[in-house]
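Look at the chain from end to end before reading on. The paragraphs below take it part by part.

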Amino acid sequence: MIASSCAEKTEVSEVEVFETSRSGNQLSKIETFSQAKSTSKISLNPKKTFQTFTGFGGSFTEASASLLNRLSKENREKIIDAYFADSGARYSLTRTHMNSCDFSLSQYSYAPIEGDTLLKSFSIEEDKEDLIPMIKDAMSASKDGFKIISSPWTAPPWMKDNNKWVGGKLKPEYYDTWALFFSKYADAYKAEGIDIWGFTVENEPLGNDSNWESMHFSPKEMTDFVVNHLGPQLEQDGKSDLVILGYDQNREHLDEWVDEMYRDETSRKYFDGTAVHWYASTYKIFEDQLKYAKNKAPDKFLIETEGCIDAEVPVWQDDDWYWQKEATDWGYDWASEENKHLHPKYRPVYRYARDIIGCMNNEVDGWIDWNMVLDRQGGPNWFENWCIAPVIVDPDQDEVYFTPLYYTMSHFSRYIRPGAKRIAFESTDANLQVSAATNPDGSHVVIVFNPSEEEKVFDLNLNDVSRAISISSQAIQTITIAN
């Protein structure tokens with residue numbers, strides 16, 4: 001209970017504390033706390049609110065879905081429930097790919113026939129074996145449901161100026177056809193019983209060094225496409241409720257993109273928000289850019305649509321590795337010399353916890369992890385672009401490994417529900433990273449991350465009521481306070 005130390009104070013609130021730590025807790029309920037004296041305070045102010053959260057979750061990819069198809073029914077259900085059931089992470093915001101991406105089994109498009117400008121041959125048949133069954137299983141497991149954002153990595157090569165899967169730009173004569181593509185995709189998925197919530201216009205429009213599926217847009221080109229083609233097409237087809245998110249790449253370029261996206265009333269009408277990724281640095285949040293984007297369009301979404309431990313082969317059944325400063329990303333080897341400092345070695349759990357808390361505290365309203373499931377190689381990935389997912393499987397042995405990243409994600413997705421509002425707080429310990437929210441049901445949620453190598457004890461204050469709570473060294477906690 002949170003109870004006042006003053007005798008006349010009778011108000012109490014039910015408090016629960018859940019912890020994941022390097023010492024072995026895995027979203028474990030903590031009921032016994034250190035008796036040491038508190039050394040700091042976290043004071044909540046629910047009267048001062050900020051952004052409304054859209055949700056937290058991960059991505060449906062052909063790679064993940066194909067792996068689930070290779071597992072036993074028991075393990076497939078175990079993973080789906082772990083992400084979507086009330087007993088699990090309760091993912092509420094997800095993403096998937098339109099056409100193929102690097103985490104596909106091959107390169108494919110729903111419109112492969114050259115010159116088919118009316119898309120009469122459009123078909124999502126490729127998705128019916130893997131992706132769609134995974135999404136539908138997740139829908140069945142989820143009590144509250146979840147939103148789906150769909151993102152194209154590229155238009156079919158015949159629509160592009162280089163006639164390739166990788167790089168190049170959409171030919172102007174196919175702008176209308178590409179806009180129609182989005183509308184047909186939404187219809188095709190709806191026919192399968194799956195409602196798409198929204199789109200990003202293009203995954204990583206600045207490109208990815210021509211490694212895998214990509215298509216390039218400048219800020220003006222993307223905005224012109226949305227204003228003159230995609231927005232009107234969805235409007236004409238009765239789909240103006242579908243969300244359109246611009247950009248969809250690393251945060252450091254947000255300024256120039258939102259300046260163009262929100263250049264006038266018409267563009268503001270069609271863009272519902274901005275999507276960002278985290279790959280520009282292993283530690284930097286780019287707070288100024290996030291705040292700039294929010295100030296530019298306070299009423300629009302600002303969603304992290306992709307982040308993962310990239311350029312790494314997963315470490316199998318070794319929880320401690322995920323707490324060690326051993327991980328490297330693409331930039332550790334490949335970043336330009338002037339940007340090398342942004343890509344030092346890092347601790348995977350720390351990176352997730354710090355980034356999500358940092359995003360929350362800088363106006364981001366949704367945070368989506370990349371692949372939900374990968375194998376022990378970090379794939380399948382046709383380009384061999386290996387990465388780590390929160391859940392790793394060995395399909396040949398029918399084994400499943402829930403890494404510490406799964407529990408880290410759950411600290412946010414399970415307890416901060418769609419419609420929650422971030423609330424103000426004050427913390428007297430600068431080494432504790434904190435964020436807080438009030439859910440639609442009136443309950444409060446506090447996230448506390450302790451990266452230090454010592455246990456900490458703090459007083460949690462709400463409405464002049466206080467409770468001493470201890471957090472283990474190298475740990476993340478979710479504290480829930482009932483209404």
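Which residues does the UniProt annotation "domain: Glycosyl hydrolase family 30 beta sandwich" cover? According to that unreviewed entry, the annotation covers residues 419–479. The model shown here is predicted. In it, residues 419–479 are 0% helix and 64% strand, and the C-alpha atoms at the two ends of this span are 18 Å apart.

UniProt also places a feature called "domain: Glycosyl hydrolase family 30 TIM-barrel", again from an unreviewed entry, at residues 54–416. This span is 33% helix and 17% strand. Its end C-alpha atoms lie 10 Å apart.

Next comes the nonpolar interior. The largest nonpolar core has 124 residues, and those with the most contacts inside it are Ile 79, Tyr 189, Phe 225 and Ile 416. Helix α4, residues 175–191, gives the most to this core, with ten residues. Tyr 189 shows what such packing looks like at one position: leaving out residues up to four places away in sequence, it touches Tyr 110, Ile 124, Asp 127, Leu 131, Ile 132, Ile 135, Ile 194 and Ile 196. There is also a second, separate core of 20 residues, which includes Phe 33, Val 446, Val 448 and Ile 479.

Helix α11 runs over residues 404–413. Ten of its ten residues are buried, so the helix is largely enclosed by the rest of the structure. Among these buried residues are Pro 404, Tyr 406, His 411 and Phe 412.

For a single residue in another helix, take Gln 289, which is in α8, residues 287–296. Is Gln 289 buried or exposed? Its relative accessibility is 18%, and because residues under 20% are classed as buried, Gln 289 counts as buried. Not counting residues up to four places away in sequence, Gln 289 touches Arg 251, Glu 252, Leu 254 and Asp 255. Ile 471, in contrast, is 182 residues from Gln 289 in sequence and 32 Å from it in space, C-alpha to C-alpha.

The remaining topic is empty space. Rolling a probe the size of a water molecule over the atoms shows where such space is left. The largest pocket has a volume of about 860 Å³. It is lined by 35 residues, and Asn 208, Asp 209, Asn 250, Tyr 279 and Trp 330 lie nearest its centre. Two elements give two or more residues to this lining: β10 (243–250) and α9 (330–334). Of these, α9 gives the most, with three residues. By class, the lining of the largest pocket divides into 16 nonpolar, eleven polar and eight charged residues.

How many cavities of 30 Å³ or more does a search of the whole structure find? The search finds two. The largest cavity holds about 40 Å³ of space. Its lining includes Tyr 262, Thr 274, Ala 293 and Phe 301, and α8 and β12 (301–306) each supply at least two of the lining residues. Five residues of this lining are nonpolar, one is polar and two are charged.

The second largest cavity holds about 30 Å³. Phe 53, Phe 56, Cys 359 and Trp 367 are among the residues that line it. The largest share of this lining, three residues, comes from α10, while α10 (348–360) and β14 (366–371) each supply at least two. The lining of the second largest cavity has seven nonpolar, one polar and one charged residues.

Key: Residues numbered from 1 in each chain as written. Predicted model: local features only at pLDDT ≥ 70, side-chain atom pairs only at ≥ 80, totals over all residues. Heavy atoms only, no water. 1 Å grid on protein atoms, 1.4 Å probe; cavity = no way out; pocket = protein on both sides within 12 Å on 5 of 7 lines; lining within 4 Å. Points joined across faces, edges and corners; volume = space filled by probe spheres on them. Helix = DSSP H or I, 4+ residues; strand = E, 2+ residues; numbered from the N terminus. Nonpolar A, V, L, I, M, F, W, Y, C, P; charged D, E, K, R; others polar. Core = buried A, V, L, I, M, F, W, Y, C linked by side-chain atoms within 4.5 Å. Buried < 20%, exposed > 50% of the residue type's maximum accessible area, 1.4 Å probe, protein only. Contact = heavy atoms within 4.5 Å. UniProt positions renumbered as here; feature names shortened; annotations may be inferred.
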